[in-house]
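Got your viewer open? Let's take a short walk through this model, one selection at a time.

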Amino acid sequence: MKRLPFSAWHFVLAPLAILFALPLVWLLVSSVMSNSEINRFPPALWPHGINLGGYRYVLGNALFPRWFLNSFIVSAVAVTANLVLGSLGGYAFARIRFAGSKVVLGLMLATMVIPFQLTMIPTFLVMKQLGLIDTLGALIVPSLVTPLSVFLFRQFFVSLPRELEEAAWIDGCGRLRILISIVLPLARPALSTVAVLTFLATWNDLTWPLIAINSDSTYTLQLGLTTFQGQHHTQWAAVMAGNVITVLPVLLGFLLAQKAFIRSLASTGLKG
Amino acid sequence: MASVVGTFTVDPRSRAAAKRRARNEGATGWAFVSPSVVIILGLSVVPVLWSLLLSFQVNDLVSPSEWVGLANYKALLKDPAFGSAVSHTLIYTVLYVPLSVIAGLSIAIALDRKIAFIGLYRTLVFVPFVVSAAAQGVLFSFVLDPEFGVANSVLHKLGLPAQGFFSDPGQALYLLVAISLWSGTGFCVIVYLAGLQGVSSELVEAARIDGAGRWGVLRHVTLPALTPVTIFLLLFQTINALQVFDLVYVTTKGGPLGSTTVIVYFIWEKAFKTFTAGYSAAAAYTLAVALLVIGVILQVYRRRAASR
């Protein structure tokens with residue numbers, strides 16, 4: 001690898017980067033402090049040793065692993081469903097000519113500008129009618145597919161050359177067969193974009209779980225975390241340990257798939 | 001050879017096959033899109049209309065509703081709590097949107113160079129963006145805790161007076177802006193960095209040759225080229241700012257003394273805490289119309305900018 005030159009810009013960029021990183025470093029540091037280190041005044045700025053009491057407390061709590069599982073289930077189902085339903089819909093809108101497709105696509109895209117606050121009360125009522133309130137179903141159903149997923153897949157499929165599919169088409173392959181065996185293997189950028197955006201939205205959501213869920217055994221991590229804070233006010237180490245566990249999956253995912261992650265966020269921005 | 005139309009040979013059998021195929025195609029198309037259509041339209045069109053009905057009713061989400069016409073909207077206009085929710089939201093938006101976009105642009109320009117550690121810098125600036133608002137709220141409640149927080153501890157070491165932070169009505173809203181800037185600026189940076197890749201290097205080169213300095217190139221080449229990105233970010237950040245909720249819910253619950261009650265918090269409180277869903281729906285419709293107006297204005301401006 002070529003060695004890059006040192007530059008005066010480091011004097012600007014390094015402090016800036018540290019400023020952005022500091023709160024997260026502090027999150028990690030405080031999660032391994034002992035309660036006595038946190039509770040004395042002024043609080044310690046650095047722990048004496050690594051104290052895993054907070055983590056032990058959180059993971060020993062019967063509810064916390066449950067919340068993690070709930071969040072995981074909701075996000076996993078949402079990601080899978082968005083990939084399946086979004087690619088099916090996106091492919092049909094991109095390639096298949098059928099009556100009403102333009103109108104329906106237009107309507108679906110128009111719903112993207114509807115603010116969530118306008119729909120949250122009636123969505124609550126709809127979910128109540130369906131008997132889903134206070135179940136994971138209430139969290140899953142509205143996130144099964146979003147107009148953004150369908151739109152991103154459509155845009156990607158439109159840009160693929162038709163010639164790729166023609167041979168299979170002439171051989172008499174059905175549309176589903178073509179989608180699964182020819183188009184989707186080429187659609188990795190679209191698949192990863194939709195997966196990233198869906199995971200981020202479902203894992204990090206607080207507003208909708210707050211409305212749709214009442215019993216603490218059905219809480220998601222984000223929801224649990226907010227109540228956790230009140231219940232364990234003096235146990236800051238435990239609260240911070242819980243916070244680390246909540247943030248970690250997204251953080252790890254980001255660090256592992258940074259390029260795809262950034263590209264997907266930047267591309268949705270630039271298409272807007 | 002039978003009759004030839006274009007390059008296709010038309011014989012009755014293949015025409016029937018083509019027709020059948022087209023009909024099948026239509027059925028396949030609908031089969032592919034129907035799950036998305038049912039879910040997306042069902043969970044947007046129905047609620048939007050339902051919300052409109054609600055806004056003309058007195059409704060507690062449990063007992064039968066009563067039609068009251070425009071009474072909710074009239075009451076909203078006179079409600080000082082709604083007035084201050086609007087002004088808190090506007091203060092938050094007016095501070096957060098320009099600051100995050102300007103900071104995003106400046107940092108993106110600073111990061112747009114090939115030097116050591118640049119990847120690390122980009123990662124660190126962006127990483128707060130993926131942290132949920134709930135987690136941010138919990139983290140900063142701790143950092144800014146007047147008794148146990150590290151912020152006051154640092155102030156103490158510097159010999160500065162301790163602060164009330166979220167318990168001080170004069171500070172709470174501005175702290176929320178600061179936290180949102182910490183997490184939201186990274187997104188602007190990433191979008192601008194992607195946009196900077198698209199700035200034509202020939203144009204920059206040409207400007208340099210014409211004697212433009214660093215500022216000249218920025219003002220006359222880079223910024224104009226980034227205009228679509230800037231407009232997108234202004235729109236995106238404004239919509240986000242007007243809808244801020246999670247962070248407020250976790251940190252201040254609208255307090256102290258209502259100083260951080262933003263519109264969405266007001267809507268949530270009216271629907272799910274005081275159970276005046278009709279009133280809440282009227283507030284939500286007011287917000288939606290405001291967003292629509294902003295959207296249309298920006299769209300018009302964008303068209304005009306594009307046609308120039």
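Which helices of chain B each supply at least two residues of the lining of the second largest pocket? Select α4, α5 (118-126), α8, α9 (201-209) and α10 (214-225) of chain B, and you have them. Before you zoom in, keep in mind that this is a predicted model.

**Stop 1: the pocket**

With those helices showing, pick out I109(B), D112(B), R113(B), L196(B) and T222(B): of the 24 residues that line the second largest pocket, these lie nearest its centre. The space inside comes to about 930 Å³. Now color α10(B), which gives the most to the lining, with six residues. If you color the lining by class instead, you'll get twelve nonpolar, five polar and seven charged residues.

**Stop 2: two helices from the pocket wall**

Stay in chain B and hide everything but α4 (residues 80-111) and α8 (residues 172-197), which pack with their axes 7 Å apart. Turn the view until you can see how they cross: the angle is about 40°. Angles under 35 degrees would count as roughly parallel and 65 to 115 as roughly perpendicular, so α4(B) and α8(B) are oblique to each other. Their crossing is right-handed. Color this contact by class and you'll find 22 nonpolar and six polar residues, with no charged ones.

**Stop 3: a loop further along chain B**

Next, select the loop between α12 (246-251) and α13 (263-272) of chain B, where P256(B) sits. Show the backbone here and look at the peptide bond from G255(B) to P256(B): it is cis, with omega near -10°. The loop between α12 and α13 of chain B also holds K253(B). Check the phi of K253(B), which is near 50°, a positive value in a residue that isn't glycine.

**Stop 4: over to chain A**

How many salt bridges turn up over all chains? A search of the whole structure finds two. To see one of them, show the side chains of E165(A) and R95(A), whose closest N and O atoms are 3.0 Å apart. Zoom out and you'll see that this pair links distant parts of the chain, 70 residues apart. E165(A) is in helix α9 (residues 163-170) of chain A, while R95(A) belongs to helix α4 (residues 63-95) of chain A.

Methods: Residues are numbered from 1 along each chain as its sequence is written. Chains are lettered from A and ligands numbered from 1 in the order in which they are written. This is a predicted model: local features need pLDDT of at least 70, side-chain atom pairs count only at pLDDT 80 or more; totals for chains, interfaces and linings use all residues. Side-chain values use heavy atoms; hydrogens and water are left out. Axes are lines fitted to C-alpha atoms, for helices over the stretch in contact, and angles run from 0 to 180 degrees between N-to-C directions. Helices (H or I, at least four residues) and strands (E, at least two) are DSSP runs, numbered from the N terminus. Angles under 35 degrees count as roughly parallel, over 145 as roughly antiparallel, 65 to 115 as roughly perpendicular and the rest as oblique. A crossing is left-handed if the near helix is turned anticlockwise from the far one by less than a right angle, and right-handed if clockwise. Ala, Val, Leu, Ile, Met, Phe, Trp, Tyr, Cys and Pro count as nonpolar, Asp, Glu, Lys and Arg as charged, and the others, Gly among them, as polar. On a 1 Å grid over the protein atoms alone, a cavity is a set of points where a 1.4 Å probe fits but cannot get out, and a pocket is an open set with protein on both sides within 12 Å along at least five of seven lines; lining residues have an atom within 4 Å of a point. Grid points are joined across faces, edges and corners, and a volume is the space filled by probe spheres set on the points. A salt bridge is a side-chain nitrogen of Lys or Arg within 4 Å of a carboxyl oxygen of Asp or Glu.
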